[in-house]
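Me: I am new to this structure and would like a close look at a single part, the largest pocket. Please describe what lines that pocket, and then set it beside other surface features.

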Amino acid sequence: MAEKLIEVKNLKKYFKTKRGMLHAVDDVDFHISKGQTLGLVGESGCGKSTIGRVLLRLLEATGGEVLLNGENIFHYNKNKMRELRENMQIVFQDPFASLNPRMSVCEIIAEPLVINKKTGNKTQLHTMVSSLMETVGLARRLENAYPHELDGGRRQRIGIARALALNPRFIVLDEPVSALDVSIQAQILNLMDNLQKELGLTYLFISHDLGVIKHVSDNIAVMYLGKIVELSGYASLFADPRHPYTKALLSAIPVPDPDERRERIILEGDVPSPINPQPGCRFYGRCYVRMDKCKDNTPDLKQISEGRFCACHLVNGK
């Protein structure tokens, strides 16, 4: 069994609003083994990106634990967190918005090295930046270019190079290809896969696209309105989805064969508000197989077989 690098226990993140407490992440549990990728998928607004930011303490958690090699990082002081951030990095969704338009490619990639005093002189710094550019497939001729002069794929490669600069062990990939053309998406996904194999990286890959998640993940967590409703290996989840929401998501994936017909599950109703949620299953109002007890009893994420977990009264049989 692979060794756990990241372990999340009872993680909560609430935001105070005028209408009450917004439960962005509510009692979430999962782990990511070293060298593997956990795909986190769900509709927009379900709390996926919030989880990524809380794991890195870009947002402070309301409750729960995040363990890195068995140590709770929420107990770390400022100096300890500064050391930790070298091992935990993030690649953001929009490569243009996450890059400083006033800095050149070379300056952007060099910034974390300079801040963390990883180089002794300019020659060494330039060598390290050149090596990072080569690693992510950026031509040397682009080192003095600015973000607005480059396409989305090259911008995202800059973000990846910057994330790799400090030799991290864990990277949160927050929708890293959703803003890119399909052909460019494939290039970036292949790059991330190659880097993971070469450097032994561990990923949390956040996306709303199950087609992308399928090709990059070892395990997949399906999230709905702040809670994980199903957690499984990618093969078993696609072959035999158990939660009604997962089944609906999979039914929406386009089929490339025009002669193949897939029964589409159309979810009715609106996504309920995450502010002061009522007891019971949060998918109740849109579920096509709901039962009476689902309305008032919140289902727990329980193991249903080896490596498979589901939060559904119908599946769990209780």
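Reply: In sorting lining residues by class, Ala, Val, Leu, Ile, Met, Phe, Trp, Tyr, Cys and Pro count as nonpolar, Asp, Glu, Lys and Arg as charged, and the others, Gly among them, as polar. The model described here is predicted. By those classes, the lining of the largest pocket holds 12 nonpolar, 8 polar and 9 charged residues. The volume of this pocket is about 670 Å³. Its lining is made up of 29 residues, and those nearest the centre are Asp-29, Phe-30, His-31, Leu-231 and Phe-309. Two or more lining residues come from each of β1 (4-17), β2 (20-33) and β10 (227-233). The largest share belongs to β2, which gives 7 residues to the lining of the largest pocket.

The second largest pocket encloses about 480 Å³ of space. Its lining has 20 residues, with Arg-85, Gln-89, Pro-112, Arg-162 and Leu-166 closest to the centre. At least two residues of this lining are supplied by each of β6 (88-91), α3 (105-115) and α5 (152-164). Its classes are 10 nonpolar, 5 polar and 5 charged residues.

Apart from the pockets, there is a nonpolar patch on the surface, formed by Tyr-288, Val-289 and Leu-314, which together have about 250 Å² of accessible area. Within this patch, Val-289 sits in the loop between α9 (244-251) and β11 (302-305). Val-289 has a relative accessible area of 31%, so it counts as partly exposed.

Definitions and conventions: Residues numbered from 1 in each chain as written. Predicted model: local features only at pLDDT ≥ 70, side-chain atom pairs only at ≥ 80, totals over all residues. Heavy atoms only, no water. 1 Å grid on protein atoms, 1.4 Å probe; cavity = no way out; pocket = protein on both sides within 12 Å on 5 of 7 lines; lining within 4 Å. Points joined across faces, edges and corners; volume = space filled by probe spheres on them. Helix = DSSP H or I, 4+ residues; strand = E, 2+ residues; numbered from the N terminus. Patch = residues over 30% accessible without salt bridge, like charges linked within 9 Å, V, L, I, M, F, W, Y side chains within 5 Å. Areas by Shrake-Rupley, 256 points an atom, 1.4 Å probe, with all protein chains shown as cover. Salt bridge = Lys/Arg side-chain N within 4 Å of Asp/Glu carboxyl O. Buried < 20%, exposed > 50% of the residue type's maximum accessible area, 1.4 Å probe, protein only.
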